[in-house]
Structures are given as C-alpha cells and as structure tokens.
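Visitor: I should like to go through this model and ask, for each term applied to it, on what grounds the term is used.

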Amino acid sequence: KVNPEEGPSTRSHDEKHIAFLRHSRANQTDTLLVANTDGSNEETVATRKWPERFAWNWATSPAWTSDDQSLALPIINSDARFDQASRDFGTVSGFFVTIFEIRLADRTQKLIQLSPQRFEQPNQVSILSDSSAIILSARAQGASFEQIWYLGRDGSARTVTNDLSDYRNVFLTADSKSL
C-alpha cells in the first residue's frame, strides 16, 4: 500500500535499508526516514518544519553515500525572510541549491554549499546516486528558458542543455547513468 505522504525510496548499496521522505501537510513537516527493505525497523533520521523543507517536490529522494554511512538530499534555499504573520516570503532574490548530508551513526549534519548560481524558477531537483552533484531543471536569473543544470560539490555549475526549449522536469535513473 502506497502512503500518499511518502516520497520515493532509495536502497542502500548493500540493499539492506531504504531511505525516504514523509511529508505531513497536517503537521507541516518533512521527515527523513530509514527502514529495513521490508519496511520494518522504521527510524526517523531528521525532521524539518515548513517553510524549511527537505523536499522541493514530491519526487525528491535521498541518496546514500557510497559507504552507506550517510544520506544526502538537495535543498532549495532563498534569501527571502518568511513572515509568519502574513505567511509570505517577501522579495526573493533568487533560489540557490545546497546539499544536506547526515551521518547515520551519530546524526551529524552538514550543508554543502554548491555554486552561487541563482535561479528564478527551480523545478525538478535530483541528487546523483553517489551524492556528488545535483541535477535540476531551472531558469537561471535573467535567462529566458528553463534548462537542465549540473551543480557539483566542487562549486561547478554548467548547463547540460542550452537551447530554445523549456525543460521543466528531469528524472534520473536509480543509478544516475541516464536522465
């Protein structure tokens, strides 16, 4: 049975565990969870209260590091301040992307800053299966069209596409070898 509040899961490299996000509209939270592949021993790893989100969209899924010791997620940020009273973000000077990483053994968290590239309109955002980079469809500030972007942990940013089409979605295969 599929829970409509749960996003897609990803398997650890040793195939013993899955990681997934649970979104709660009622509680206004995103929760990162880990369980055995059969669904047993479900454990909450981290939670974010909205407007701070783990997921830009429902299809966001965590990536396991190659040693299965940590999980990584793409996070969309903006400089805008959220006003609780008006429930408004105010003026947004563009969105930017970071990688949230959490070590499972001790829950140590870190944010990995990526390129300072700003986007007017981020759409589909995915992390590569080895958590080395983010792939997203987005319109860069000042650009006319939405393109597919690669943002690496090393701070690099480049377009994968560069044409007159709008790329509103980009989906990766589980091994990130195809998009």
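Guide: A strand here is a DSSP run of E of at least two residues, and a helix is a run of H or I of at least four. In this predicted model, the chain has 12 strands and zero helices by that rule.

Visitor: What pattern does the chain follow when read along the sequence?

Guide: The pattern is β-β-β-β-β-β-β-β-β-β-β-β. Buried residues account for 42% of the 179 residues in the chain. Of the contacts between residues at least 6 apart in sequence, 41% join residues at least 24 apart.

Visitor: How do you know that strand S2 and strand S3 pair?

Guide: Pairing requires at least two bridges found by DSSP. Eight bridges join strand S2 (residues 17-24) to strand S3 (residues 29-36), so the requirement of at least two is met. The two strands run antiparallel, and Phe-20 has Leu-33 in S3 as its bridge partner.

Visitor: Which strands form the open sheet, and in what order?

Guide: The order is S1-S2-S3-S4, with antiparallel pairing. Strand S1 (10-11) and strand S4 (43-49) are the edge strands, because each pairs on one side only.

Visitor: Why is Gln-28 called partly exposed?

Guide: The term covers relative accessible areas between the buried limit of under 20% and the exposed limit of over 50%. Gln-28 has a relative accessible area of 28%, so it is partly exposed. Gln-28 is found in the loop between S2 and S3, and its phi is near 55 degrees, a positive value in a residue other than glycine. Arg-107, in the loop between S7 and strand S8 (109-113), is partly exposed because its relative accessible area is 26%. Its phi, near 65 degrees, is also positive.

Visitor: What makes the pair of Phe-54 and Phe-100 tilted?

Guide: Ring centres must lie within 6.5 Å for a pair, and tilted planes are neither under 30 degrees nor over 60 degrees apart. The centres of Phe-54 and Phe-100 are 5.1 Å apart and the planes stand at 55 degrees, so the pair is tilted. Phe-54 is in the loop between S4 and strand S5 (63-64) and Phe-100 is in strand S7, so the pair ties together parts 46 residues apart in sequence. Both Phe-54 and Phe-100 are buried.

Visitor: Why, then, is the pair of Phe-119 and Trp-149 called edge-to-face?

Guide: Edge-to-face applies to planes over 60 degrees apart. The planes of Phe-119 and Trp-149 are at 80 degrees, with 5.3 Å centre to centre. Phe-119 in strand S9 and Trp-149 in strand S11 are 30 residues apart, and both are buried.

Visitor: How do you know that Arg-158 lies over the face of Tyr-150?

Guide: CZ of Arg must be within 6 Å of the ring centre and within 35 degrees of the ring normal. Arg-158 lies over the face of Tyr-150 at 4.2 Å from the ring centre.

Visitor: Which residues touch the most other members of the largest nonpolar core?

Guide: Among the 17 residues of that core, they are Val-97, Ile-99, Leu-114, Phe-119, Ile-134, Leu-136 and Leu-151. Strands S6, S7, S9, S10 and S11 each supply at least two residues of this core, and S10 gives the most, with four. Apart from it lies another core, of 15 residues, including Val-34, Ala-46, Phe-100 and Ile-102.

Technical notes
Residues numbered from 1 in each chain as written. Predicted model: local features only at pLDDT ≥ 70, side-chain atom pairs only at ≥ 80, totals over all residues. Heavy atoms only, no water. Core = buried A, V, L, I, M, F, W, Y, C linked by side-chain atoms within 4.5 Å. Buried < 20%, exposed > 50% of the residue type's maximum accessible area, 1.4 Å probe, protein only. Phe/Tyr/Trp six-rings, centres within 6.5 Å; stacked < 30°, edge-to-face > 60°. Contact = heavy atoms within 4.5 Å.
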